[in-house]
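Please examine the sequence and the three-dimensional structure shown below. The paragraphs that follow lead through them part by part.

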Amino acid sequence: MPRSLLVKNAQMLVTMDPSRREIAGGGLYAEDGVIRQVGDGGGLPDTADTVIDAAGQIVLPGFVNTHHHLNQTLTRNIPAAQNNNLFPWLTAHYRIWAKTNPEASRASTLIGLAELALSGCTTVFDHSYVFKSGNKVDYQIEAARDLGIRFHASRGSMSLGESSGGLPPDDCVEDEDFILEDSIRVIDRYHDAGNGAMTRIVLAPCSPFSVSETLLRESARLARDKGVMLHTHLCETLDEERYTLERFGKRPVEWMEDLDWLGPDVWFAHAIHVDDEEIQTFARTRCGAAHCPCSNMRLGSGIAPIKKYMAAGVRVGLGVDGSASNDSSNILMEARQAMLLARLRLGLLPPEGPRKHFLLSQSHELRQAEWMTAREALELATLGGARVLGRDDIGSLEAGKCADFFTLDLNTIGYAGGLNDPVAAVIFCAPQGARTTVVNGEVVVADGEIANLDMRPVVTEHNMWSRRLVEGA
Ligand code: ZN
């Protein structure tokens, strides 16, 4: 007998299907983690093994997080890194991160994933790149399986220490032969290329200033050989742009092109400092971008041209980025910030023609067609993220897709007065906690709490490791 699940009576169900149906009184029926039917109450089965009565709630496709560093939950807002931009912020953290041991890695992965699930996230890509002190990606994959989150793990890397012209200290980087060997091990052991996969592996060297040219080339070659995706940080700051210009005589995107790092199997975190030609390069080569608005504001990195990417047809998803630069893992908050920041970016652009009193003149010619809407932000968080991760089996609620979704109680203080458009309320109003989150047809969040794991001892353990790591630094 298949394992069945029924959602009924939703005040609103957002499908994100090709016609973007929003169904009042909607529901869905799934078997073995796959949606069989979506519709209003009429045509759905009467019962199932698991029945979720979503009266008074909105049901949304599970959000997809396309960039995170889960282990960084251990180093949220450390005093030495509260008020600096990327390079000094990184140097304040590297040695602490290098002390992350298997137990601390497990606790931090559980904390980050739980926070994501509680904000409606069902699929997470994690970009881990510091593997010292016995830490391995295996502990994260195990933690994700225990929680029931769909997880794209990275065998990330840093190999270019300070003495070779990189930013990280020499004792924080790894040997390149070992990185490639371990990458093969992890892919062979865990990567599932199939439909509905719960675990995938990505090769993710950290950045142009912490990895050698050889490792970038070799990682791309290996990823293509194994059929896994490639990811790195790119165009995050002007410091990075200066670094590649000085060292390689090229802007970051051109440098990546030289290394065979542009293609439909690649996405970049941040992608802020790009010109119009580079946006077209991303569109032509079908590269994706992970937009991380909170982190970009927190580190003063800049504002990514998301609406321009969307207009050019570039794949864009949302990422909360690491919890040391966010300092949370709330994907619903990220979607709201994406909408707000896109508007601010437009407001800061000089008007066409001579630049005079541009903030004032801007108010006379609001280019509202270019404003990001709440529904566009929802699309980035769902279908957009799915496309970035190379998946067509998640991101919308349709027959044949994975049963990944979450619900929000609409009858709360936070949404009161905003229900003339309940779908937009999810983005415009302050982020609320998920009432129910379901991944692969299994309940991960029930009544606003993590369903299958007592998180209280995890919080205690996580705080202990955080204290030890930061004090020991
Ligand atoms: Zn990052």
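Let us begin with a single residue: just after helix H3, Gly148 adopts a positive phi of about 90 degrees. The model in which this angle occurs is a predicted one. Helix H3 itself spans residues 137-147, and its buried residues are Val137, Asp138, Gln140, Ile141, Ala143, Ala144 and Leu147. A general property of helices is useful when reading such a list: an α-helix has 3.6 residues a turn, so residues three or four places apart point the same way.

We turn next to the sheets. In general, the strands of a sheet pair through backbone hydrogen bonds, and this pairing is either parallel or antiparallel. One open sheet consists of four strands in the order E5-E4-E1-E6, and its pairing is mixed. Strand E5 (34-40) and strand E6 (50-53) stand at the edges with a single partner strand each, so one side of each has no neighbour in the sheet. On average, neighbouring strands of this sheet are turned by 10 degrees against each other, direction ignored.

Strand E1 shows how the mixed pairing arises in detail. Strand E1 (residues 4-10) runs antiparallel to strand E4 (residues 26-31), and five bridges join the two. Within this pair, Leu5 has Ala30 of E4 as its bridge partner, while the partner of Leu6 in E4 is Tyr29. E1 and E6, by contrast, run parallel and are joined by four bridges. Here Leu6 stands opposite Val51 in E6. Strand E1 is also mostly covered, as five of its seven residues are buried.

A further open sheet contains seven strands, in the order E3-E2-E7-E16-E17-E18-E19, again with mixed pairing. Its edges are strand E3 (22-23) and strand E19 (449-450); each has a single partner strand, so one side of each is left without a neighbour in the sheet. Strand E17 (residues 436-439) pairs with strand E18 (residues 442-446) in the antiparallel sense, over three bridges. In this pair, Val438 has Val443 of E18 as its bridge partner.

The nonpolar interior comes next. The largest nonpolar core comprises 94 residues, and the members that touch the most others are Ile58, Leu113, Met256, Trp261, Phe268, Phe282 and Tyr309. Which residues does Met256 touch, not counting residues up to four places away in sequence? They are Pro208, Leu216, Thr232, Leu234, Trp261, Leu262 and Phe268. Another core, of 26 residues, lies apart from the largest one; among its members are Ile78, Ala81, Val173 and Leu469.

Finally, consider the metal site. Which residues coordinate the zinc ion? His67, His69 and His233 each do so through NE2, and Asp321 through OD, at 2.1 to 2.4 Å. The angles among the four donor atoms range from 88 to 174 degrees, and the site is irregular. For comparison, the ideal angle for four tetrahedral donors at a metal is 109.5 degrees. Along the sequence, the donor residues follow the spacing H-x1-H-x163-H-x87-D. Distant parts of the chain are linked by His69 and His233, which are 164 residues apart: His69 belongs to the loop between strand E8 (63-65) and helix H1 (86-97), whereas His233 belongs to strand E12 (residues 229-234). Are these two residues buried or exposed? A residue is called buried under 20% relative accessible area. His69, at 6%, is therefore buried, and His233, at 7%, likewise counts as buried.

Definitions and conventions
Residues numbered from 1 in each chain as written. Predicted model: local features only at pLDDT ≥ 70, side-chain atom pairs only at ≥ 80, totals over all residues. Heavy atoms only, no water. Pairing = 2+ DSSP bridges. Axes fitted to C-alpha atoms, helices over the stretch in contact; angles between N-to-C directions. Core = buried A, V, L, I, M, F, W, Y, C linked by side-chain atoms within 4.5 Å. Buried < 20%, exposed > 50% of the residue type's maximum accessible area, 1.4 Å probe, protein only. Contact = heavy atoms within 4.5 Å. Donors = N, O, S within 2.8 Å, 3.2 Å for Na, K, Ca; no water. Tetrahedral: all angles 85-135°; square planar, octahedral: opposite > 155°, others 65-115°.
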